[in-house]
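Here are some notes to read beside the structure. They deal with a ligand and with pockets.

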Amino acid sequence: MGAKFFVSRYNSEVDAKAHLQEFTVVVPKGATLLDCLNIIKWEQDGTFSFRMSCRSAICGSCAVRVNGHARLACKTQAADVIVDGEVTIEPLGNLPVIRDLIVDLEPFWESLERVKPWLVPDETKKFDRERLQSHHDQLKIDAASTCIMCGSCYSDCNVLNVDKMFLGPASLAKAQRFVFDTRDSEKEARLDFLSQVNGMWDCTHCAECSTRCPTEAKPLERIIELRQEAVNSGFTNNNGARHVLGFRESIGGFKGKGGGGMLNENYLPLRSVGLSLGGMLSLLPVGIRMIMRGKNPPMIPHIIDKIGEVRKMFRRFDEYRKEGEK
Ligand code: SF4
Ligand code: SF4
Ligand code: FES
């Protein structure tokens, strides 16, 4: 099968911006995308540059954007991504490009370092040999431990696209791995740090990271686990946690407060910013704009007809969750 490969070419020393170059490749049966990149490099243009090492989806170095989405080139069958005889291959997003498909991973490593991706054991505890972990406890960190640091999630994260200070999906998945590690002594400090601005609550749940992740690390799922752990551990004095709790109170009630079965859009913003003058003042401009355009929600919150059913659902969910925690 012959296919047109449009690959990104860029040399930071001479080019003002990247451009796509077309190569025609006769794709061998069963070839991976990485095989095809090698055909281009070895048979057509030796200056074409990209990273690879293991060719077995282990080292994480061959991640590139294929038709606009991050993938491991060595784990992708070329036939699966060639559409109408064409495929476009570009470097990972959210990272500066050095040359062709090679990106500068420094921002990725820097964000990782911020979550202290190493075990901090309690040195006051003495062990005869090693710090053992039960199978049950190991399972809590199993998924995050499969991350191969490929950067695919970082590349396609929508929040990082607009805010480079966001910790990002891979770092948050790595943080989950240490927060849930029973041998680590810094769980509280970690949750405190992750609850701050640019941390776990800045994720918008777009799920792009989990969709692109080639392993079981699935960052969004790890972020959800971190958030649950933070709320259960009392780290609720921040906009993100207050927003989630306020959402729940508004819909179904919480700790004796009765929700109305619908989102109360007057309550939620105030609940999210908490009892701070600065926070409330920050809501004023948008509030005024809404009133001027007649978009402000009704002052008396609406209660849906079958509110009893909704509250019952929430009660049953709480019982179910408590069962799961036993
Ligand atoms: S789910 Fe969150 S962390 Fe993952 S890509 Fe979307 S915004 Fe980024
Ligand atoms: S979480 Fe998944 S996509 Fe992100 S770096 Fe790790 S393996 Fe790659
Ligand atoms: S070459 Fe190692 S993951 Fe693809």
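The points below take the ligand shell and then two pockets in turn.

1. The model is predicted, and the points should be read with that in mind.

2. Begin with ligand 1, which has 13 residues around it. Cys157, Cys203, Cys206, Ala207 and Cys209 are the closest of these. Two helices, α9 (208-212) and α10 (219-232), each contribute at least two residues to the shell. By class, the shell around ligand 1 holds 10 nonpolar residues, two polar and one charged.

3. Next comes the largest pocket, with a space of about 1,600 Å³. Its lining is made of 44 residues. Nearest the centre of the pocket are Gln228, Val231, Asn232, Phe317 and Arg321. Two or more lining residues come from each of α4 (135-142), α10, α11 (239-252) and α14 (307-325). The largest share belongs to α14, which supplies 10 residues.

4. Which domains does the lining of the largest pocket draw on? Domain 2 (106-232) and domain 3 (239-325) each provide at least three residues. The lining of this pocket is mixed in class, with 16 charged, 15 nonpolar and 13 polar residues.

5. The second largest pocket encloses about 400 Å³ and is lined by 14 residues. Glu265, Asn266, Pro269, Leu283 and Gly287 lie nearest its centre. Helices α12 (267-273) and α13 (277-292) are the elements giving two or more residues to this lining. Of the elements, α13 gives the most, with seven residues. The lining of the second largest pocket divides into 10 nonpolar residues, three polar and one charged.

Notes. Residues are numbered from 1 along each chain as its sequence is written. Chains are lettered from A and ligands numbered from 1 in the order in which they are written. This is a predicted model: local features need pLDDT of at least 70, side-chain atom pairs count only at pLDDT 80 or more; totals for chains, interfaces and linings use all residues. Side-chain values use heavy atoms; hydrogens and water are left out. A residue is near a molecule or strand if one of its heavy atoms lies within 4 Å of it. Helices (H or I, at least four residues) and strands (E, at least two) are DSSP runs, numbered from the N terminus. Ala, Val, Leu, Ile, Met, Phe, Trp, Tyr, Cys and Pro count as nonpolar, Asp, Glu, Lys and Arg as charged, and the others, Gly among them, as polar. On a 1 Å grid over the protein atoms alone, a cavity is a set of points where a 1.4 Å probe fits but cannot get out, and a pocket is an open set with protein on both sides within 12 Å along at least five of seven lines; lining residues have an atom within 4 Å of a point. Grid points are joined across faces, edges and corners, and a volume is the space filled by probe spheres set on the points. Domain bounds come from an automatic or database domain assignment.
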